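Colleague: I am new to this one and would like to learn how to read it. Could you show it to me and take me through a few features?

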Amino acid sequence: SGLPCLDMLGLCDGTIAKTPPPRPDHVIPAHSRGNPKYVLDREPDLLLFGTPTGELWPRWPGGWQMEAEEPRFLTDYRCIVAHTGPVPVVGEGETDLAITFRVRVDGRVGVARAGDRITVPGWLLTGHRQPVAVHRHEVHLLPKDPARLGPIVEAALAMQHWWENEAAVAVLDRAAGQLVGEVRKPGPLALEDIALPAGSYRLTTEPPVATTGIAFELRGRNGTICERDGELFRLPAEGRVDVVGAVGAAVALPLQLRTLRLERTDAR
């Protein structure tokens, strides 16, 4: 692709290669190194764990450490499943590959901010926000207290279900040379926890909401629905919100969503 790439296992990076293994009790040849702070300080736009098509949970110790010890992994990144469409695969012929990766929300391929306009790629609305570290390969780190363990188990099961269900995914539009969101089953679409200044916002999509039948709203992080005045959403104070879309049973599927825009019409 010609894009800059960082091997998180340190095979082609001196800093990671010289970092002591984060989990000395899990020494796996060529897979034991990691330096999540160093990696995230470089603000990578995409993270991919495990096999070339990616995996839902970090497979190697460096990824375990990133999930457990770096809050930015949870706050700044969302998990995406993207389908390539038919591509030649050795031994399998033409295959539609499903690629699992994490994308930085405010990175170069994520949310674009220009003046009073915020543009969200449609495929980013198909993603999932991991709220807590689930320690998939380090169960000994899980709390023993059922009250603390319960929310972690619920988060892990919800993410696993999202990944297996593929109600909405990213797909490659070869003609346009870009990813778009594709809704395949009824259910919610969401981009959670994005920062917005105070003001009144007009929400538009491509294709238009009137033709898709998807009902969008803005919600505070506490679940409160933002006030509306006609077609405008009003945010009385700067804060972090969720952009949520409801795909009902009456919506004609599959449906592709290219972009969602929030444009502030005033400033408070």
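Modeller: Happily, and let's start with rings: those of Phe, Tyr and Trp (its six-membered ring) pair if their centres lie within 6.5 Å, and planes under 30 degrees apart count as stacked, over 60 as edge-to-face and the rest as tilted. This is a predicted model, where local features need pLDDT of at least 70, side-chain atom pairs count only at pLDDT 80 or more, and totals for chains, interfaces and linings use all residues. Residues are numbered from 1 along each chain as its sequence is written, and side-chain values use heavy atoms, with hydrogens and water left out.

Colleague: How many aromatic pairs does the structure hold?

Modeller: There is one. The ring centres of Phe-49 and Phe-73 are 5.9 Å apart and the planes stand at 80 degrees, so this pair is edge-to-face. It links distant parts of the chain, 24 residues apart: Phe-49 is in the loop between S1 and helix H3 (61–69), and Phe-73 is in helix H4 (residues 71–76). Helices (H or I, at least four residues) and strands (E, at least two) are DSSP runs, numbered from the N terminus.

Colleague: Is Phe-73 buried or exposed?

Modeller: Buried means under 20% relative accessible area, exposed over 50%, and partly exposed in between (1.4 Å probe, protein chains only). Phe-73 has 1%, so it is buried, and Phe-49, at 6%, is buried as well.

Colleague: How do I read the sheet, and in what order do its strands come?

Modeller: Strands of a sheet pair through backbone hydrogen bonds, either parallel or antiparallel. Here two strands pair if DSSP finds at least two bridges between them. The six strands of this open, mixed sheet run S1-S3-S2-S6-S7-S14. S1 (46–47) and S14 (255–257) are at the edges with a single partner strand each, so one side of each has no neighbour in the sheet. S1 pairs with S3 (residues 93–104) in the antiparallel sense over two bridges, and Leu-46 has Val-103 as its bridge partner in S3.

Colleague: Which residues does Asp-173 in strand S6 touch?

Modeller: Contact means heavy atoms within 4.5 Å. Neighbours within four places in sequence aside, Asp-173 is in contact with Gln-178, Val-180 and Arg-258. A polar contact is a pair of N or O atoms within 3.5 Å; within protein, one must be able to donate a hydrogen and the other to accept it, and residues adjacent in sequence count only if both atoms are side-chain atoms. The side chains of Asp-173 and Arg-258 make one of 2.7 Å. A polar atom of the Asp-173 side chain also lies 3.1 Å from the backbone nitrogen of Ala-176.
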